[in-house]
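Work through the exercises below with the sequence and the model at hand. Each task is followed by a stepwise solution.

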Amino acid sequence: MTFPVWINGGERGCIDPADRGLAYGDGLFETIRIERGQAVLLDDHMDRLSAGAAVLGIAFDEMLVRKEFSRFLESCPESCVAKILLTRGCSGRGYLPDPAATPTRVFSAYPMPAHAHDLAGTGVAAGICILRLALQPRLAGIKHLNRLEQVLLRRELEELRADEALVCSFRGDVIEGVFSNVFMVRQGVLHTPVIDEAGVKGVFRTAILRHAKHQGLPVVEGRYSLDEFLAADEIFFCNSVNGVWPVRSLAGRHWAPGPVARQWQAFWLEQLRGEP
């Protein structure tokens, strides 16, 4: 099975060593679930890419990216994970970017994670990471290329021997998982950490919040401590590749996958089928 890589609209190409994405992490990326040859939640991915480009001041031609990405998917397996990487492009040495730099576009594809479906059914054994996220409101929410915190967190997760883990800010608030967003349920109300100082506004998190509000379901974005999460009726992680992972154990507490998590798993299956 072939998993292609395209650079700037074609299969042949290379990344210039002077590219600012390589030199400074000056860029953005999106990781997208592909089902039946279609990109799941593509509009939300494009919206976040556009918002990130605006924050960083990178020129983003959405029409061009959509057109090239559609052609790229024709060369991909019908079920896979695709990645869009957008950098500022090449510039001279130094932090100050060249305003005339032409952005670099990289598309790549990868196999689906083998364990995602199993963990959705059984739930995950979760941990709590020691490493704390720095606070930077200007970058909060966007998926920029500087992921060193996540690299360290993923190594810590491996040492914890957990499937996912809660990650807190330096203030001590729960923010997200290592590679997911996180929700909890208390007395039937859905809660999720606000993403205004650290963390990523995940695409599936956005879809859950939008659908909940559209359906009139109670949902709150707030600041929550670890103790509040440990006292929850349900906890689940979510992202746009794995869907919903209920938490079955965390810091000595145990849960069976609950009805709210199962409800949002059904919603995820609707997204995979392309249903509104």
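**Exercise 1.** Decide whether leucine 41 is buried, partly exposed or exposed in this predicted model, and state where it lies in the chain.

*Solution.*
Step 1. The relative accessibility of leucine 41 is 13%.
Step 2. The cut-off for buried is under 20%, so leucine 41 counts as buried.
Step 3. Leucine 41 sits in the loop between S3 and H2.
Step 4. Its phi is near 60 degrees, a positive value in a residue other than glycine. Most residues other than glycine have a negative phi.

**Exercise 2.** Carry out the analysis for arginine 36: give its phi, its place and its exposure class.

*Solution.*
Step 1. Phi of arginine 36 is near 55 degrees, which is positive although the residue is not glycine.
Step 2. Arginine 36 belongs to the loop between S2 and S3.
Step 3. Its relative accessibility is 48%. Buried ends at 20% and exposed begins over 50%, so arginine 36 counts as partly exposed.

**Exercise 3.** Give the strand order of the five-stranded open sheet, name its edge strands, and describe how helix H2 packs on the sheet.

*Solution.*
Step 1. The order is S1-S5-S4-S2-S3, and the pairing is antiparallel.
Step 2. Strand S1 (5–7) and strand S3 (38–39) each pair on one side only, which marks them as the edge strands.
Step 3. Within the sheet, strand S2 (residues 27–35) and strand S4 (residues 80–87) run antiparallel and are joined by eight bridges. Phenylalanine 29 stands opposite leucine 85 in S4.
Step 4. Helix H2 (residues 42–56) packs on this sheet and touches S2, S3 and S4. The direction of H2 makes about 175 degrees with that of S2.

**Exercise 4.** Describe the hairpin of S7 and S8, then place aspartate 173 in relation to these strands.

*Solution.*
Step 1. Strand S7 (residues 164–168) pairs with strand S8 (residues 174–177) in the antiparallel sense, over three bridges.
Step 2. One residue pair is leucine 166 with its bridge partner glycine 177 in S8.
Step 3. Five residues separate the two strands of the hairpin, and glycine 172 in the turn has a positive phi of about 105 degrees.
Step 4. Aspartate 173 is in the loop between S7 and S8. Its relative accessibility is 13%, so aspartate 173 counts as buried.
Step 5. Not counting residues up to four places away in sequence, aspartate 173 touches Val167, Cys168, Arg223 and Tyr224.

**Exercise 5.** Which residues surround valine 182 once its neighbours within four places in sequence are left aside?

*Solution.*
Step 1. Valine 182 lies in strand S9 (residues 181–186), and its relative accessible area of 0% makes it buried.
Step 2. With the sequence neighbours left aside, the contacts of valine 182 include Leu166, Val174, Ile175 and Glu176.
Step 3. Further along the chain, the contacts include His191, Thr192, Pro193, Phe229, Ile235, Phe236 and Phe237.
Step 4. Alanine 165 is 17 residues from valine 182 along the chain, and their C-alpha atoms are separated by 9.6 Å.

**Exercise 6.** How many disulfides does the structure hold, and what are the exposure classes of cysteine 14 and cysteine 168?

*Solution.*
Step 1. The structure holds zero disulfides.
Step 2. Cysteine 14 is in no disulfide, its nearest cysteine sulfur being that of cysteine 90, 9.2 Å away. A relative accessible area of 64% makes cysteine 14 exposed.
Step 3. For cysteine 168, the closest cysteine sulfur is in cysteine 129 at 9.0 Å, too far for a bond. Cysteine 168 is buried, with a relative accessible area of 1%.
Step 4. Cysteine 90 also appears in a C-alpha pair with proline 17: 73 residues apart in sequence, 8.2 Å apart in space. Proline 17 is in the loop between S1 and helix H1 (20–24) and is exposed, at 68% relative accessible area.

**Exercise 7.** Classify the crossing of helices H6 and H8 and list the residues that make the contact.

*Solution.*
Step 1. The axes of H6 (residues 203–214) and H8 (residues 259–272) come within 11 Å and cross at roughly 110 degrees.
Step 2. Angles of 65 to 115 degrees count as roughly perpendicular, so H6 is roughly perpendicular to H8.
Step 3. H6 contributes Phe204, Ala207, Ile208, His211 and Ala212, while H8 contributes Trp264, Phe267, Trp268 and Gln271.
Step 4. These contact residues divide into seven nonpolar, two polar and no charged.

Definitions and conventions
Residues are numbered from 1 along each chain as its sequence is written. This is a predicted model: local features need pLDDT of at least 70, side-chain atom pairs count only at pLDDT 80 or more; totals for chains, interfaces and linings use all residues. Side-chain values use heavy atoms; hydrogens and water are left out. Axes are lines fitted to C-alpha atoms, for helices over the stretch in contact, and angles run from 0 to 180 degrees between N-to-C directions. Helices (H or I, at least four residues) and strands (E, at least two) are DSSP runs, numbered from the N terminus. Angles under 35 degrees count as roughly parallel, over 145 as roughly antiparallel, 65 to 115 as roughly perpendicular and the rest as oblique. Contact means heavy atoms within 4.5 Å. Ala, Val, Leu, Ile, Met, Phe, Trp, Tyr, Cys and Pro count as nonpolar, Asp, Glu, Lys and Arg as charged, and the others, Gly among them, as polar. A disulfide is a pair of cysteine sulfur atoms within 2.5 Å. Buried means under 20% relative accessible area, exposed over 50%, partly exposed in between (1.4 Å probe, protein chains only). Two strands pair if DSSP finds at least two bridges between them.
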